[in-house]
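Here are a few exercises to work through with the structure open beside you. Try each task before you read its solution.

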Amino acid sequence: MMTSVDTELIRVLADPLRLQIVTLLAHETLCTSHLVEETGARQTNLSNHLRVLREAGVVETEPCGRFTYYRLKPDVIAQLAGQFTDLAETARASAEADVKRSCP
């Protein structure tokens, strides 16, 4: 069985600013103003990154008056972590069994 990892989600999280946003949201629900303050990014740039994270299903929004709060969806991160765990277990089993393909 081939173990696969969600490459699209990895691409989304590979951006340093998006990873910083995800890390901040792991600790608390924040609005855009908080994230601008914490990251030093411009509001328009931050909004674009938040849109990408929202479309990828990594964060969810909660309107609160004129502000929008963002919350990390931990199940998405846990699922990705599980895929990496499966990949590591496959590699460990392959190494223990000394699985290697013969050269032609």
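**Exercise 1. Find which residues of helix α4 are buried, and work out how they are arranged around the helix.**

Solution. Keep in mind that this is a predicted model.

Step 1: Look for residues in α4 with under 20% relative accessible area, the cut-off for buried. They are Leu-46, His-49, Leu-50, Val-52 and Leu-53.

Step 2: Look down the axis of α4. The buried residues fall within an arc of 155°, so they line one face of the helix.

Step 3: Turn to the other side of α4, where Thr-44 and Glu-55 are exposed.

Step 4: Ask what covers the buried face. The cover includes the helices α1 (7-14), α2 (16-27) and α3 (32-39), along with the strands β2 (59-64) and β3 (67-72).

**Exercise 2. Check the span of helix α4 against the expected value, then inspect what comes just after the helix.**

Solution. Step 1: α4 runs over residues 43-55, which makes 13 residues.

Step 2: From first C-alpha to last, the helix reaches 18 Å, close to the 18 Å expected at 1.5 Å a residue.

Step 3: Move on past the end of the helix. Just after α4, Gly-57 takes a positive phi of about 80°.

**Exercise 3. Locate salt bridges within helices and describe the spacing of their partners.**

Solution. Step 1: Recall that side chains of opposite charge can pair when their charged atoms come close.

Step 2: Start in helix α1. Glu-8 and Arg-11 form a salt bridge there, with their closest N and O atoms 2.5 Å apart. The two are separated by three residues, about one turn of the helix.

Step 3: Go to α4, where Arg-51 bridges to Glu-55 at 3.5 Å between the closest N and O atoms. These partners are four residues apart, again about one turn.

Step 4: Connect spacing and geometry. An α-helix has 3.6 residues a turn, so residues three or four places apart point the same way.

Step 5: Compare accessibility within the α4 pair. Arg-51 is partly exposed at 34%, while Glu-55 is exposed at 61%.

**Exercise 4. Find the salt bridge between Glu-60 and Arg-71, and see which network it belongs to.**

Solution. Step 1: The two side chains meet at 3.5 Å, N to O.

Step 2: This pair links distant parts of the chain, with Glu-60 in strand β2 and Arg-71 in strand β3, 11 residues apart.

Step 3: Follow the shared partners. Salt bridges join Glu-60, Glu-62 and Arg-71 into one network.

Methods:
Residues are numbered from 1 along each chain as its sequence is written. This is a predicted model: local features need pLDDT of at least 70, side-chain atom pairs count only at pLDDT 80 or more; totals for chains, interfaces and linings use all residues. Side-chain values use heavy atoms; hydrogens and water are left out. The expected span of a helix is 1.5 Å times one less than its number of residues. Buried means under 20% relative accessible area, exposed over 50%, partly exposed in between (1.4 Å probe, protein chains only). The arc is that of the directions from the helix axis to the C-beta atoms. Contact means heavy atoms within 4.5 Å. A salt bridge is a side-chain nitrogen of Lys or Arg within 4 Å of a carboxyl oxygen of Asp or Glu.
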